[in-house]
Amino acid sequence: MPRGKFQKREKGGIAVKMIKISASILNSDLAALGEEVNRAEQAGADFLHIDVMDGIFVPPMTMGDIVIRSLRKKSFLTFDTHLMVIEPERVVPFFAAAGSDIISVHAESDCDIAGTLKKIKDLGIKAGLALSPETDAEEAFPFIGLADMFLVMSVEPGYGGQSFIPETLGKIAALRAAVRERGLNTDIQVDGGINEKTAPSAVKAGANILTAGTHLFASPDMAKAVDELRKPF
Ligand code: DX5
Ligand code: ZN
């Protein structure tokens, strides 16, 4: 297992990744989007989490590849694009071309999951598989080794500002155990209702990428809030 600068060894021999913070812009001030992205970058976030909703997979419609392309010119953050769309396979090339560094597609969407993950990787970026709260961890097991990341939704997809669903912690733990069993160290992202109270349990369960929107953007001191999430214990 190669050791990146964000990795350290743990006793069992599998590298443990440092916590990364993905700032979700869904509940930021979308009328000042460019400034909000800069604010997240200045605050020390690692990723920018971009929620793409098509009005079918979930009721709201948010932003598409053209908006991401504009933001790409303004930011060096890793663009973490979360596709909540019914037909992700068709649109992944547009979102890759717009500047996404990671694209996650939903297990519940209407696509050939393995084919879509491969398509994303063939475009030279990382591929994530997202699981809505009702989807069991086992659904993701066949894609361990293919997906670069698993995105565990800890709220129902569609809206920011919801409360963390504690039952999703078991899914994070099951996924972490399953990837470790295979000698891998796949990223596990948790998305929804993350704040300084919920982050520690998500990290304990095995998440290493924490997505937070409302908590970070509503914080009077975003840099402090990012730091607190990064060191949750
Ligand atoms: C919900 C989105 C989340 C959401 C997180 O469908 O996928 O990324 O924006 O926002 P908070 O942190 O407000 O729960
Ligand atoms: Zn999201």
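**Exercise 1. Find which side chain makes a polar contact with the side chain of aspartate 187, and describe where aspartate 187 lies.**

Solution. In this predicted model, the side chain of aspartate 187 makes a polar contact with that of asparagine 208, at a distance of 2.7 Å. The next step is to place aspartate 187 in the fold, and here one finds that aspartate 187 belongs to strand β9, which covers residues 187-191. The last step concerns exposure: aspartate 187 has a relative accessible area of 11%, and because buried means under 20%, aspartate 187 counts as buried.

**Exercise 2. Identify the protein donors of the zinc ion (ligand 2), and decide what geometry the site has.**

Solution. Begin with the protein atoms, which are NE2 of His49, an OD atom of Asp51, ND1 of His82 and an OD atom of Asp191, lying 2.1 to 2.2 Å from the zinc ion. Along the chain, the donors follow the spacing H-x1-D-x30-H-x108-D. Then turn to the angles: the site has six donor atoms, the angles among them run from 70 to 172 degrees, and the site is octahedral.

**Exercise 3. Work out whether histidine 49 and aspartate 51 are buried or exposed, and list polar contacts made by the side chain of histidine 49.**

Solution. The relative accessible area of histidine 49 is 0%, while that of aspartate 51 is 5%. Since the cut-off for buried is under 20%, histidine 49 is buried, and aspartate 51 is buried as well. Histidine 49 is part of strand β4, and its side chain makes a polar contact of 3.3 Å with the side chain of histidine 82. A further polar contact, of 3.1 Å, links the side chain of histidine 49 to the side chain of glutamine 189.

**Exercise 4. Describe the surroundings of ligand 1, starting with the residues that come nearest and ending with how much of its area the protein buries.**

Solution. First, there are 19 residues around ligand 1, and those that come nearest are Gly158, Gly161, Asp191, Gly213 and Thr214. By character, the shell is made up of seven nonpolar, ten polar and two charged residues. Second, consider the strands: β4 (47-53) and β5 (78-84) each supply at least two residues of this shell, and β4 gives the most, with three residues. Third, look at individual atom pairs that involve an oxygen atom of ligand 1. A polar side-chain atom of threonine 214 lies 2.4 Å from such an oxygen, a backbone N or O atom of glycine 213 lies 2.7 Å from one, and a polar side-chain atom of histidine 82 lies 3.3 Å from one. Finally, ligand 1 taken alone exposes 380 Å², of which the protein buries 99%.

**Exercise 5. Locate isoleucine 209 and glycine 192 in the fold, and state for each how far its C-alpha atom is from that of a residue elsewhere along the chain.**

Solution. Isoleucine 209 is in strand β10, residues 209-212, and with a relative accessible area of 1% isoleucine 209 is buried. The C-alpha atom of isoleucine 209 is separated by 14 Å from that of isoleucine 103, although these two are 106 residues apart along the chain. Glycine 192, by contrast, sits in the loop between β9 and α6 (199-205), where its relative accessible area of 9% makes glycine 192 buried. Between the C-alpha atoms of glycine 192 and serine 163, which are 29 residues apart along the chain, the separation is 7.4 Å.

Note on methods: Residues numbered from 1 in each chain as written. Chains lettered and ligands numbered in written order. Predicted model: local features only at pLDDT ≥ 70, side-chain atom pairs only at ≥ 80, totals over all residues. Heavy atoms only, no water. Donors = N, O, S within 2.8 Å, 3.2 Å for Na, K, Ca; no water. Tetrahedral: all angles 85-135°; square planar, octahedral: opposite > 155°, others 65-115°. Buried < 20%, exposed > 50% of the residue type's maximum accessible area, 1.4 Å probe, protein only. Near = heavy atom within 4 Å. Polar contact = N/O pair within 3.5 Å; in protein donor to acceptor, adjacent residues only side chain to side chain. Areas by Shrake-Rupley, 256 points an atom, 1.4 Å probe, with all protein chains shown as cover. Helix = DSSP H or I, 4+ residues; strand = E, 2+ residues; numbered from the N terminus. Nonpolar A, V, L, I, M, F, W, Y, C, P; charged D, E, K, R; others polar.
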